[in-house]
Amino acid sequence: MGRRPSVFVRPVSMEEGRRLQRISRTAKDPVRLRRAIVVLMSAQGQTVKDITSLMRVGEDYVRDVIQAFNERGSTRLTQNGARDAPGRSVSGCASTSA
């Protein structure tokens, strides 16, 4: 299987950037905090591989968080009900990164 192309978040607006920074400083929910950090790191140009190494999460998880943010914005960071642990994707499917 070939290497998957890197994925990045879309350009983040000033308002979204401020909200992400606020979440990263004040979030009490570890899931919300982890998602915000993933988005911020991607917005700063970090690759999926770099994020997975630093955050100790699966590539599928990082890709799912980025894709969800790109599609639905920062509201995705606060949605409950997703099974969201390291090694799991936002959609609840087990990570299959190798």
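Okay, let's start with the order of things: going along the sequence, this chain reads α-α-α-α. That comes to four helices and zero strands. Before I go on, please keep in mind that what you're looking at is a predicted model.

Some overall numbers next. The chain has 98 residues, and 36% of them count as buried. On the outside, about 6,000 Å² is exposed, with carbon and sulfur atoms supplying 50% of that. And what about contacts along the chain? If you take the contacts with a separation of 6 or more, 63% of them are between residues 24 or more positions apart.

Now to the inside. Which residues have the most contacts within the largest nonpolar core? They are L20, V38, V39, Y61, V62, I66 and L77, in a core of 17 residues. Each of the helices chips in here: helix 1 (14-26), helix 2 (30-43), helix 3 (48-55) and helix 4 (59-72) all supply at least two residues of that core.

Let's pick one of those core residues and look around. Take L20. Setting aside its neighbours within four places in sequence, L20 is in contact with V12, A36, V39, L40, F69 and L77.

A36 is on that list, so to speak, and I'd like to stop there for a moment. You'll find A36 in helix 2. Is A36 buried or exposed? It counts as buried, because its relative accessibility is 0%, and the cut-off for buried is under 20%. Again leaving out neighbours within four places in sequence, the contacts of A36 are L20, I23 and L77. If you want a distance to check on screen, go from A36 to G17: they sit 19 residues apart in sequence, and their C-alpha atoms are 9.8 Å apart in space.

Last stop, the helix pair. In general, you describe two packed helices by the angle between their axes and the distance between those axes. For helix 3 and helix 4, the axes come within 9 Å and cross at roughly 115 degrees. That crossing of helix 3 and helix 4 is right-handed. Who makes the contact? From helix 3 we have V48, K49, I51 and T52, and from helix 4 there are E59, V62, R63 and I66. Sort the residues of this contact by type, and you get four nonpolar, one polar and three charged. One thing to spot while you have the structure up: V62 and I66 of helix 4 are in this contact, and V62 and I66 are also on the list of core residues with the most contacts.

Technical notes. Residues are numbered from 1 along each chain as its sequence is written. This is a predicted model: local features need pLDDT of at least 70, side-chain atom pairs count only at pLDDT 80 or more; totals for chains, interfaces and linings use all residues. Side-chain values use heavy atoms; hydrogens and water are left out. Buried means under 20% relative accessible area, exposed over 50%, partly exposed in between (1.4 Å probe, protein chains only). Contact means heavy atoms within 4.5 Å. Accessible areas come from the Shrake-Rupley method with a 1.4 Å probe; for residues, only the protein chains shown count as cover. A nonpolar core is a set of buried Ala, Val, Leu, Ile, Met, Phe, Trp, Tyr and Cys residues joined through side-chain atoms within 4.5 Å. Axes are lines fitted to C-alpha atoms, for helices over the stretch in contact, and angles run from 0 to 180 degrees between N-to-C directions. A crossing is left-handed if the near helix is turned anticlockwise from the far one by less than a right angle, and right-handed if clockwise. Ala, Val, Leu, Ile, Met, Phe, Trp, Tyr, Cys and Pro count as nonpolar, Asp, Glu, Lys and Arg as charged, and the others, Gly among them, as polar.
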